[in-house]
Amino acid sequence: MFRRIAMTMTMTNSIVLLLFSLTFLECGLLFQRVSSLGINYGQVGDNLPPPDKVLQLLSSLHINKTRIYDTNPRVLTSFANSNIELFVTVENEMLSSLVDPQQALQWVTTRIKPYFPATKIGGIAVGNELYTDDDSSLIGYLVPAMMSIHSALVQTGLDKYIQVSTPNSLSVLQESYPPSAGCFRPEVAGVMTQLLTFLRNTKSPFWINAYPYFAYKDSPTKIPLDYVLFNPNPGMVDPFTKYHYDNMLYAQVDAVIFAMARLGFKDIEVGVSETGWPSKGDGDEVGATVANAAVYNKNLLRRQLQGEGTPLRQNMSFDVYLFALFNEDLKPGPTSERNYGLYQPDETMTYNVGLLSSSSSTSSSTSTSSTSIISLTSSASTAIKKGTQQLIYWTCIYSLAIQMLIRRPY
């Protein structure tokens, strides 16, 4: 009698432990997937919060990757000893000088090494959209500068921790529809081969700045809004691969992968260094609304939480950097350029994408620290619902097993 009770209690404890482990594993996976999401922290404004405040905001939101467009010492210093990984940038105008290996070494030893590893620097973007920049003379400097910077990282022992790449505009493609027709523009194909060779040799990703918003703005009567916003829609089927695409961003990423394959590079990782949607625009900027911006970024964030890949690389998740953290009032160009931010400069939300931060200011008498909640009702509730269903299922199974053991004679 006592033996049977003891065995039953032992089995019950093991089952409870297993159920709790499964539950926490489910939650752990949910939060682990956020690691593939970063955000661009632009600083072209005269009213932005100081870097230490930005760090607090990012930390409260559990966003652990951010990209900056320079090597601002204030940012690098403020982000020291934090869990935020920085993706820093070499400004376009510096490329010609950094072709010189000695200049590149000096740049690394003054702009990177003093801050690493206290500040987590995971990547260096050499220039930005060079292949489609108005100054085409810079193109010839790009890969040589990247090689010099990488060599400098090797000399300083940092190459194992910091990747070197460059973000490209989607307009480097001659064709992007259907995705299987993806190919680079003829005028950049030669230098693109040099870039891809460097990326393959250094195991670095090919970064693309991809904005479905631009395609929709240019052809709002031809491109379904739900298709570019990740909303439920019939999507499109690539006639050659038969892959089904339910959103434009994934189709654009796969078009880049096909373009690289056409040049003989099938094994290079692709990441999205910029994507976003403006919350405000000029009269001719169709679709630039708060509602559309909120839907695009919220739906994209759900996809990242699920860790899914594109139809071409279904089992391979990819990094995405949202553009951008703040509205930047000094950016030139149309109104939309100044209205991509998830937040206003005073740190109030432009719109809610599901990243909620509750601070101690809500109740100073009862709270002494800030906590953050990822509240993506669709993806989070789905994951929780799935976990709950699994918990109920296995509880019933193990309860039945226990009853059978209790009734079994010894």
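**Figure 1. The whole chain, with 47% of its 410 residues counted as buried.** This is a predicted model, so keep that in mind for every panel that follows. The fold is built from 12 helices and 15 strands. Take the contacts with a sequence separation of 6 or more: 70% of them join residues 24 or more positions apart.

**Figure 2. The largest pocket, with a volume of about 880 Å³.** Rolling a probe the size of a water molecule over the atoms is how empty space like this shows up. Here 31 residues make up the lining, and Glu129, Ser169, Asn209, Tyr211 and Phe214 sit nearest the centre. Two helices, H8 (212-218) and H10 (248-262), each put at least two residues into the lining. H10 gives the most, with 3 residues. Sorted by class, the lining comes out as 17 nonpolar, 8 polar and 6 charged residues.

**Figure 3. The second largest pocket, about 400 Å³ of space.** Its lining is made of 19 residues, and those closest to the centre are Tyr69, Glu91, Asn92, Glu93 and Asn128. The class split for this pocket reads 4 nonpolar, 9 polar and 6 charged.

**Figure 4. Glu129, a pocket residue with a positive phi.** We met Glu129 in Figure 2, among the residues nearest the centre of the largest pocket. Its place is the loop between S4 and H6. Phi is near 55° here, a positive value even though the residue isn't glycine. For context, most residues other than glycine have a negative phi. Buried or exposed, or something in between: what is Glu129? At a relative accessible area of 24%, Glu129 is partly exposed.

**Figure 5. Asn81, another non-glycine residue with a positive phi.** Look in the loop between helix H3 (73-78) and S3 to find Asn81. Its phi is about 60°. Asn81 has a relative accessibility of 70%, so it counts as exposed.

**Figure 6. Helix H5 (residues 101-111) and its buried residues.** Ala104, Leu105, Trp107 and Val108 are the ones buried in this helix. They cover an arc of only 160° around the axis, so they end up on the same side of H5. The spacing helps make sense of that: an α-helix has 3.6 residues a turn, so residues three or four places apart point the same way. What do the buried residues of H5 pack against? Their partners are two strands, S3 (85-90) and S4 (120-126), plus two helices, H4 (95-98) and H6 (139-155). At the N-terminal end of H5, Asp100 acts as the cap, with a side-chain oxygen 3.0 Å from the backbone nitrogen of Gln102.

**Figure 7. Two cis peptide bonds, at Pro117 and at Pro178.** Most peptide bonds are trans, which makes this pair worth a close-up. One cis bond runs from Phe116 to Pro117, with omega near 10°. Pro117 belongs to the loop between H5 and S4, so this view picks up where the H5 panel left off. The other cis bond links Tyr177 to Pro178, and its omega is near -10°. That proline, Pro178, is in the loop between strand S7 (173-175) and strand S8 (183-184).

**Figure 8. Tyr343 in its loop between strand S13 (320-322) and strand S14 (355-358).** Tyr343 is on a loop, yet it's buried, with a relative accessible area of just 6%. Which residues does Tyr343 touch once those up to four places away in sequence are set aside? The list is Leu57, Leu61, Leu325, Phe326, Asn327, Thr348, Met349, Thr350 and Leu355. Asn327 is 16 residues from Tyr343 in sequence, but the two C-alpha atoms are 6.5 Å apart in space.

**Figure 9. The largest cavity, about 40 Å³ of space.** The count of cavities of 30 Å³ or more comes to 1. Tyr343 turns up again in this view, lining the cavity together with Leu342, Met349, Tyr351, Asn352, Val353 and Leu355. By class the lining has 6 nonpolar residues, 1 polar and no charged. Two of the residues that Tyr343 touches, Met349 and Leu355, are also part of the cavity lining.

Technical notes:
Residues are numbered from 1 along each chain as its sequence is written. This is a predicted model: local features need pLDDT of at least 70, side-chain atom pairs count only at pLDDT 80 or more; totals for chains, interfaces and linings use all residues. Side-chain values use heavy atoms; hydrogens and water are left out. On a 1 Å grid over the protein atoms alone, a cavity is a set of points where a 1.4 Å probe fits but cannot get out, and a pocket is an open set with protein on both sides within 12 Å along at least five of seven lines; lining residues have an atom within 4 Å of a point. Grid points are joined across faces, edges and corners, and a volume is the space filled by probe spheres set on the points. Helices (H or I, at least four residues) and strands (E, at least two) are DSSP runs, numbered from the N terminus. Ala, Val, Leu, Ile, Met, Phe, Trp, Tyr, Cys and Pro count as nonpolar, Asp, Glu, Lys and Arg as charged, and the others, Gly among them, as polar. Buried means under 20% relative accessible area, exposed over 50%, partly exposed in between (1.4 Å probe, protein chains only). The arc is that of the directions from the helix axis to the C-beta atoms. Contact means heavy atoms within 4.5 Å. A polar contact is a pair of N or O atoms within 3.5 Å; within protein, one must be able to donate a hydrogen and the other to accept it, and residues adjacent in sequence count only if both atoms are side-chain atoms.
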